[in-house]
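Thanks for coming. Please have the sequence and the structure open while I talk.

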Amino acid sequence: PPAHSHCDWIGPPDKHSNLRPVIFYVPPEESPLERRLREARQEAQASNQRFWARHNRAFRQEKEEFIYSRLKAKGLEMRDESGQKATLNAEEMADFYKDFLSKNFKKHLQYNRDWYKRNFRITFLMGQVALVRALRWLRRRKKNVEQ
Amino acid sequence: MSAARSCRPPRALAGLFVWRLRNTGVRQIPCRFVHLYHVTNNRLITFQYFNFLKRMYVTQCNKDLSQRAKPKSDSIVSPFHELQQSDQEKKVVHKISPVSPVHQSLSEMSSRNELREMKSAAETEDSVIPVGAESKEDRQWKEMKLRLDDLPGILARLSKIKLTALVVSTASAGFAMAPVPFELTCFLLTSLGTGLASCAANSINQFFEVPFDSNMNRTKNRPLVRGQISPLLAVCFAASCGIPGIVLLTLGVNPLTGALGAFNIFLYTCCYTPLKRMSIANTWVGAVVGAIPPVMGWTAATGSLDAGALLLGGILYSWQFPHFNALSWGLREDYSRGGYCMMSVTHPGLCRRVALHHCLALIGLSTVAPVLNITTWTFPVISLPINLYISYLGFRFYRDADRSSSRKLFFCSLWHLPMLLLVMFTCKKPVLQKEDKGDLPGGSHEMAMEIRLP
């Protein structure tokens with residue numbers, strides 16, 4: 001993002017977490033409320049990034065291991081004659097998906113609770129900041145009208 | 001469909017087109033198809049479900065669509081081999097122009113949403129070619145500034161407008177089937193109120209699900225995920241749609257409809273959406289979400305909750321299961337990675353059994369309709385072929401449990417519901433008794449409708 005910009009910038013999805021990173025703009029006269037909002041958003045972004053990057057990496061890894069072990073059990077290699085990666089069909093993968101979901105169930109419950117709390121807090125802070133800004137703008141307008 | 005599946009990735013685009021053309025050609029009725037996925041979530045929808053909030057439709061592959069007040073958006077079905085990255089999203093929406101030239105355009109599809117989930121139907125209506133251009137633009141850094149010209153499009157996507165339209169249409173079907181003379185103003189108020197409530201619920205659903213949506217292929221282009229709109233604005237939009245919508249229903253129509261609308265919003269946003277990540281019971285909750293809009297339409301017309309309303313709701317409830325379960329069959333990987341508890345992942349046998357049972361239940365419910373004096377006895381007779389066909393596909397899905405049978409069942413459910421509602425409407429028992437029942441069913445019905453101006 002260019003240096004002179006006055007707003008946040010959002011980028012393409014991250015390779016590991018699929019989340020879009022945001023670069024937050026820090027205004028020179030940032031009020032404490034605005035700072036709290038920005039920090040909350042940064043924290044949420046970092047926490048989400050950590051969770052999903054780790055989760056997706058684990059998924060990919062366990063999927064590879066599963067495919068490898070199943071192929072070995074069937075007596076096949078990872079790559080067939082034409083050099084293409086050998087894969088299992090949907091029904092065989094279904095066992096893996098079921099397993100993966102149940103293994104990570106508690107982790108997801110914890111993350112959900114965390115995410116909902118953060119989301120509400122950030123939105124509430126946004127509301128407060130917007131309200132303060134609106135009041136400030138109204139006060140300024142009243143002053144201009146009076147002058 | 002097999003032609004598309006045997007295509008290699010480079011030929012995927014051509015295969016997709018061929019598949020779409022083939023699919024369109026099969027239909028006898030003149031329709032435009034836009035496939036809607038739900039969400040939603042969940043649903044969904046969907047992603048779906050979609051009906052009043054079918055959600056989905058959606059969701060979504062969850063039912064995304066259920067307009068139900070809040071449809072769940074349902075996920076999309078990739079025609080390609082599961083191992084390929086499914087970037088393709090297809091949206092098919094059925095639009096069927098009614099037989100009688102008189103009033104409501106019935107029979108739009110409600111898919112679950114979120115949805116289940118949904119759903120939520122993906123907003124991107126583009127087919128294969130624009131996807132390439134879009135992803136390139138996607139890789140750039142963008143300002144997080146709200147542009148006013150983009151706002152209508154963004155809000156349309158936020159509220160899953162197509163899913164909402166389907167939900168409103170099922171509510172209109174409920175209104176039309178009620179055995180009272182037709183009132184235009186009441187009908188319009190009901191549709192508007194239902195639509196607003198649906199928009200509100202869909203927006204809240206997307207607000208809750210940002211990190212999960214970004215990780216699933218179907219939903220990664222939603223406005224909140226892309227940062228095109230702030231969460232605060234999404235909530236304000238939801239409030240500004242939901243509150244007037246419910247107030248409109250309560251004051252302009254009747255309190256019962258308003259209460260049902262508010263309840264449906266609550267059910268979709270506070271029960272279905274969190275439940276999607278906790279237990280497979282979300283599918284049943286989402287089915288209820290999808291069933292409520294026609295009940296709302298009925299209560300708007302008659303002011304009371306009779307057996308007819310419950311029957312219509314029951315038909316939509318049963319329909320959600322073959323629709324959503326078939327859809328979710330192809331999305332097991334995304335659901336598993338995203339942490340969604342769906343039957344297709346955790347209890348696949350149950351998933352197929354439930355779909356089959358509800359296909360059969362549709363036959364039973366269609367037979368009950370004339371008993372309750374909603375339709376004539378021609379309805380179970382005429383609807384039997386389509387109900388038998390969907391039951392047959394449900395049985396094939398139960399037995400084969402593979403991609404092709406799930407897709408066949410899903411696509412069948414897409415035209416099955418509008419047809420069923422249309423047939424039901426034409427077989428509706430006339431409000432005033434007429435001797436010449438030998439006429440076109442639509443003809444005698446027309447006379448029974450009076451338009452009362454306020």
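I will go through a sheet, some salt bridges and a surface patch. One thing to keep in mind throughout is that this is a predicted model.

I start with the sheet. It is an open sheet of three strands, in the order β2(A)-β1(A)-β7(B), and the pairing is antiparallel. Which strands stand at the edges? They are β2 of chain A, residues 22–23, and β7 of chain B, residues 142–143. Each has a single partner strand, so one side of each is left without a neighbour in the sheet. Strand β1 of chain A covers residues 9–10, and two bridges join it to β2(A). If you want a residue to look at, take Trp9(A), which stands opposite Ile23(A) in β2(A).

Next, the salt bridges. How many are there over all chains? The count is 16, and I will show three of them.

One is between Arg41(A) and Asp8(A), with the closest N and O atoms 3.3 Å apart. Arg41(A) sits in helix α1 of chain A, residues 32–74, while Asp8(A) is in the segment before β1, so the pair ties together parts that are 33 residues apart in sequence. Are these two residues buried or exposed? Both Arg41(A) and Asp8(A) are buried.

Another joins Lys103(A) and Glu62(A), at 3.0 Å from N to O. Here Lys103(A) belongs to helix α2, residues 90–103, and Glu62(A) to helix α1, so this pair links parts that are 41 residues apart in sequence. Lys103(A) counts as exposed because its relative accessibility is 52%, and the cut-off for exposed is over 50%. Glu62(A), at 24%, counts as partly exposed.

The third pair is Arg118(A) with Asp114(A), where the closest N and O atoms are 3.3 Å apart. Both residues lie in helix α3 of chain A, four residues apart, which is about one turn of the helix. Arg118(A) is partly exposed, with a relative accessible area of 21%, and Asp114(A) is also partly exposed, at 25%. This pair has company: salt bridges with shared partners connect Glu43(A), Asp114(A) and Arg118(A) in one network.

Last, the surface. Which residues form the positive surface patch? They are Arg136(A), Arg139(A), Arg140(A), Lys142(A) and Lys143(A). Take Lys142(A) from that list: it lies in helix α3 of chain A, which spans residues 105–146. Its relative accessibility is 56%, so Lys142(A) counts as exposed.

That is the end of my part.

How values were computed
Residues are numbered from 1 along each chain as its sequence is written. Chains are lettered from A and ligands numbered from 1 in the order in which they are written. This is a predicted model: local features need pLDDT of at least 70, side-chain atom pairs count only at pLDDT 80 or more; totals for chains, interfaces and linings use all residues. Side-chain values use heavy atoms; hydrogens and water are left out. Patches are made of residues with over 30% relative accessible area and no salt bridge: like charges are joined within 9 Å, nonpolar side chains (Val, Leu, Ile, Met, Phe, Trp, Tyr) within 5 Å. Accessible areas come from the Shrake-Rupley method with a 1.4 Å probe; for residues, only the protein chains shown count as cover. A salt bridge is a side-chain nitrogen of Lys or Arg within 4 Å of a carboxyl oxygen of Asp or Glu. Lys and Arg count as positive and Asp and Glu as negative; His and the chain ends are not counted. The place of a charge is taken as NZ of Lys, CZ of Arg, CG of Asp or CD of Glu. Buried means under 20% relative accessible area, exposed over 50%, partly exposed in between (1.4 Å probe, protein chains only). Two strands pair if DSSP finds at least two bridges between them.
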